[in-house]
Amino acid sequence: MDYFLTEDQMALRDLVRQIAVEKVKPVAAQHDRDGTFPWDLVKIFAEAGLFSACVPENYGGMGLGIMELTIITEELSKACGGIALSVAASSLGMFPMLIGGTEELKQHYLPTLAAGKKLAAFCLTEPGAGSDAGAMKTRAEKKGDEYILNGTKVFITNGSVADVFTVIAVTDPSRGARGTAAFVVEKSFPGFKVGKEEDKMGIRASSTAEIIFEDCRVPAKNLLGREGEGFMIAMKTLDKSRPGVAAQALGIAQGAFDLALDYAKTRVQFGHPIISLQAVQFMLADMATAIESARALLYLAARNVDAGEKNIGKVSAMCKLLASDVAMKVTTDAVQIFGGYGYMRDYPIEKYMRDAKITQIYEGTNQIQRMVIARSLTRD
Ligand code: COS
């Protein structure tokens, strides 16, 4: 299908596809089994400039957009949805800086992050504030020219491997979501601690950890935007980042589909390859159709975000909702086509099903995406 990619976008896609096939695919199963973070691959991604896609050129980036990040994430996720997340989650951590950072702050942090020399992470979720992000309790109190942070963030992607964290915390508990602020916090700041590293069902090559602030001292100049704007910055961040989750889901779906199609052509039952059976053909037809519909909506959403369209929240939520549901269905059907072998860890297909599940949950569950879409419909 022709999605009207530019020459440069096609060149980027081909480059990342090559890295995915040659470097990521051979080690994906090992990282999944051991739950280890792919530091060697991070170096390769950094050399290829993948961490810099969404960073403007004056901060050392390629000055590209969400469309290019989508291409990168989709291609890497075809090989491994967990390994792909190292790039996507670092971009997520950088978005609040791009949205609310001062010139000085952006000059200070973005070049190193764009070069992939350090990784970033985004801290919003708390034990008691998941879908209800506004219920966060992490406190930030101003004392002189510092903010003192206390609280715990959970399920932080890149949590144990990042050096730079964008953190949303409460500055005025009496004002709800309007009493929050966003900060850039370095791992080296006093009072910063990495807590429990999670042992997950899927995306096991990605780090997911608890982040603890115990009288953590953050310079006041690391405030993003103004006090009161934290929740708004978080929501704007998610509007930009949800296509990234859709891209991850799409890549996972495509990777599983490609394997299932190949398997159906070679697996012989009843004297013929199973692809000659209409039951299998119809499954593959439905899978291919669902994947292309998810891709079409995702590319539209990414282009809308890059064009600076208003109300990107709706289309961004729509593409994440569709692509992640497609990923779950397609990977489940791919396991079905593999039959008993599909259920075995010796074969690569069950990993895709495990990796797919998180895309329906994080950066807002699909129930929250429906809420965002419905609110937009009623408001418009
Ligand atoms: N862009 C800018 N501002 C936004 C916004 C957006 N997309 N969405 C909401 N806001 C603003 C609202 O305008 C409102 O501001 P005012 O008080 O000034 O009017 C404020 O933020 C609060 O918004 P709202 O009342 O809609 O908040 P709710 O508590 O009802 O919840 C949802 C909003 C459910 C959408 C939000 O909590 C959410 O996205 N939850 C999921 C969180 C998530 O995705 N977590 C994943 C972890 S991050 S990897």
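A backbone N or O atom of Gly364 stands 2.9 Å from an oxygen atom of the ligand. The exercises below start from this contact. The model is predicted, so local features are kept only at pLDDT of at least 70 and side-chain atom pairs only at pLDDT 80 or more, while totals for chains, interfaces and linings use all residues. Residues are numbered from 1 along each chain as its sequence is written, and side-chain values use heavy atoms, without hydrogens and water.

**Exercise 1. The ligand and its contacts**

State how many residues surround the ligand and which are the closest, and give the contact distances of Arg242 and Arg375.

Solution.
1. The ligand is surrounded by 21 residues (each with a heavy atom within 4 Å of it); Ser131, Arg178, Asp239, Arg242 and Arg375 are the closest.
2. In the side chain of Arg242, an N or O atom is 2.9 Å from an oxygen atom of the ligand.
3. For the side chain of Arg375, the corresponding distance from an N or O atom to a ligand oxygen atom is 2.6 Å.
4. On its own the ligand exposes 1,000 Å² (Shrake-Rupley method, 1.4 Å probe), and 66% of that is buried by the protein.

**Exercise 2. The origin of the shell**

Identify which helix gives the most to the shell around the ligand, and explain why the ligand lies between two domains.

Solution.
1. At least two shell residues come from each of helix 6 (230-266) and helix 10 (366-379); helices are DSSP runs of H or I with at least four residues, strands are runs of E with at least two, and both are numbered from the N terminus.
2. Helix 6 contributes the most, namely seven residues.
3. By class, the shell residues comprise eleven nonpolar, four polar and six charged.
4. Because domain 2 (120-228) and domain 3 (231-379) both give residues to the shell, the ligand lies between them; the domain bounds come from an automatic or database assignment.

**Exercise 3. Helix 8**

Compare the expected span of helix 8 with the distance between its end C-alpha atoms, and decide why helix 8 is described as largely enclosed.

Solution.
1. Helix 8 covers residues 312-338, which is 27 residues.
2. At 1.5 Å a residue (taken times one less than the number of residues), the expected span is 39 Å, and the end C-alpha atoms are 39 Å apart, which agrees.
3. Of its 27 residues, 20 are buried, so helix 8 is largely enclosed by the rest of the structure; buried means under 20% relative accessible area, exposed means over 50%, and partly exposed lies in between, with a 1.4 Å probe and protein chains only.
4. After helix 8 comes Gly339, with a positive phi near 60 degrees.

**Exercise 4. Positive phi outside glycine**

Locate Asp215 and Phe270, and report the phi of Asp215 and of Phe270.

Solution.
1. Most residues other than glycine have a negative phi.
2. Asp215 belongs to strand 7 (residues 208-219), and its phi is positive, near 50 degrees, in a residue other than glycine.
3. Phe270 occupies the loop between strand 9 (268-269) and strand 10 (272-273). The phi of Phe270 is positive, about 55 degrees, although Phe270 is not a glycine.
4. With a relative accessibility of 74%, Phe270 is exposed.

**Exercise 5. Pairs separated along the chain**

Establish whether Phe37 is buried or exposed, answer the same for Glu75, and find the spatial separations of Phe37 from Ile83 and of Glu75 from Gln248.

Solution.
1. Phe37 sits in the loop between helix 1 (7-34) and helix 2 (39-47); its relative accessible area is 14%, so Phe37 is buried.
2. Phe37 and Ile83, 46 residues apart in sequence, have C-alpha atoms 7.7 Å apart.
3. Glu75 is part of helix 3 (residues 66-79) and is buried at 3% relative accessibility.
4. Between the C-alpha atoms of Glu75 and Gln248 there are 8.5 Å, although 173 residues separate them along the chain.
5. Arg217, in strand 7, is partly exposed at 42% relative accessibility. Its C-alpha atom is 9.9 Å from that of Asp145, 72 residues away in sequence.

Technical notes: Polar contact = N/O pair within 3.5 Å; in protein donor to acceptor, adjacent residues only side chain to side chain. Nonpolar A, V, L, I, M, F, W, Y, C, P; charged D, E, K, R; others polar.
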